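Subject: The structure, and what turned up in it

Hello,

Here is the structure I promised to pass on to you. Please open it beside this email, and then read on for what was found.

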Amino acid sequence: MPQMIFVNLPVADLRRSVEFYEAIGFSLDPRFSNDQAASMVLSDTICVMLLTHEFWATFTDRRRVDPAQEAQVLLCISREDRAAVDAITEAAVSAGGMADPCPAQDHGFMYGRSFADPDGHIWEPMWMSAEAVENGPAEVSNAG
């Protein structure tokens with residue numbers, strides 16, 4: 001089995017969050033979903049577990065921060081090109097999210113934007129040129 005990542009996010013309204021993530025291209029895996037949690041699949045190796053606040057509290061004694069006011073993580077996901085970065089960001093806005101809570105970045109070889117889901121969790125879709133992936137961004141930016 002390939003190594004996978006499961007990102008656990010506390011959400012205020014599970015149904016609203018499922019609808020949001022479906023609207024931006026995730027799919028619901030009903031095998032691991034119920035009235036307390038929803039498994040949202042982005043790829044074969046990336047899943048987001050949306051957890052009600054009550055269910056989230058069963059996993060940790062640490063204080064849950066308000067992602068609309070505080071940021072603990074920025075969730076960066078690669079996209080196949082610049083247009084796909086813009087498309088997922090626009091889909092997020094249409095589904096009730098907020099565009100660009102972080103500044104957009106365009107370095108030529110790398111392009112990124114951001115969006116916040118309805119709870120305020122920040123996602124950063126980004127594209128990087130194949131040359132930058134192969135050689136590292138410093139090599140590409142120094143060549144120009």
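Below are the findings, going from the overall picture to single residues.

**Overall picture**

Please keep in mind that this is a predicted model. The protein has 144 residues, and 38% of them count as buried. Its C-alpha trace spans about 50 × 35 × 30 Å along the principal axes. If you colour by secondary structure, you should find five helices and ten strands.

An unreviewed UniProt entry carries the annotation "domain: VOC", which covers residues 3-128. Over that stretch the chain is 21% helix and 33% strand. The C-alpha atoms at the two ends of the stretch are 23 Å apart.

**The largest pocket**

About 450 Å³ of space lies in the largest pocket. Its lining is made up of 19 residues, and those that lie nearest the centre are N8, P10, W56, Q72 and V73. Which strand gives the largest share of this lining? It is β1, residues 5-11, with four residues. By type, the lining divides into ten nonpolar, five polar and four charged residues.

**Cysteines**

You may want to know how many disulfides a search of the whole structure finds. The number is zero. For C76, the closest cysteine sulfur is the one in C102, and at 11 Å it is too far for a bond. A disulfide here would need the two sulfur atoms within 2.5 Å, so C76 and C102 do not qualify. Seen from the other side, C102 is in no disulfide either, with the sulfur of C76 as its nearest cysteine sulfur.

Are these cysteines buried or exposed? C102 is buried, because its relative accessible area of 15% is under the 20% cut-off. C76 has a relative accessible area of 48% and is partly exposed.

**S43 and its loop**

S43 sits in the loop that runs between β3 (37-41) and β4 (46-52). With a relative accessible area of 28%, S43 is partly exposed. A polar atom of the S43 side chain lies 3.2 Å from the backbone nitrogen of I46. To place S43 against a residue further along the chain, take M128: the two are 85 residues apart in sequence, and their C-alpha atoms are 19 Å apart in space.

**D100, with a positive phi**

Most residues other than glycine have a negative phi. D100 is not a glycine, yet its phi is positive, at about 50°. Where is D100? It lies in the loop between β6 (98-99) and β7 (105-106). D100 counts as partly exposed, at 30% relative accessibility.

**D106**

Just after that loop comes strand β7, where D106 is found. D106 is partly exposed too, with a relative accessible area of 47%. Along the chain D106 and M126 are 20 residues apart, and 9.7 Å separates their C-alpha atoms.

**If you only have a minute**

Three places to click on:

- the largest pocket, with W56 and Q72 among the residues nearest its centre;
- C76 and C102, whose sulfur atoms are 11 Å apart;
- D100, for its positive phi of about 50°.

Happy browsing, and do write back with any questions.

Best wishes

How values were computed:
Residues are numbered from 1 along each chain as its sequence is written. This is a predicted model: local features need pLDDT of at least 70, side-chain atom pairs count only at pLDDT 80 or more; totals for chains, interfaces and linings use all residues. Side-chain values use heavy atoms; hydrogens and water are left out. UniProt positions are given in the numbering used here, feature names are shortened, and annotations may be inferred rather than shown by experiment. Buried means under 20% relative accessible area, exposed over 50%, partly exposed in between (1.4 Å probe, protein chains only). A polar contact is a pair of N or O atoms within 3.5 Å; within protein, one must be able to donate a hydrogen and the other to accept it, and residues adjacent in sequence count only if both atoms are side-chain atoms. On a 1 Å grid over the protein atoms alone, a cavity is a set of points where a 1.4 Å probe fits but cannot get out, and a pocket is an open set with protein on both sides within 12 Å along at least five of seven lines; lining residues have an atom within 4 Å of a point. Grid points are joined across faces, edges and corners, and a volume is the space filled by probe spheres set on the points. Ala, Val, Leu, Ile, Met, Phe, Trp, Tyr, Cys and Pro count as nonpolar, Asp, Glu, Lys and Arg as charged, and the others, Gly among them, as polar.
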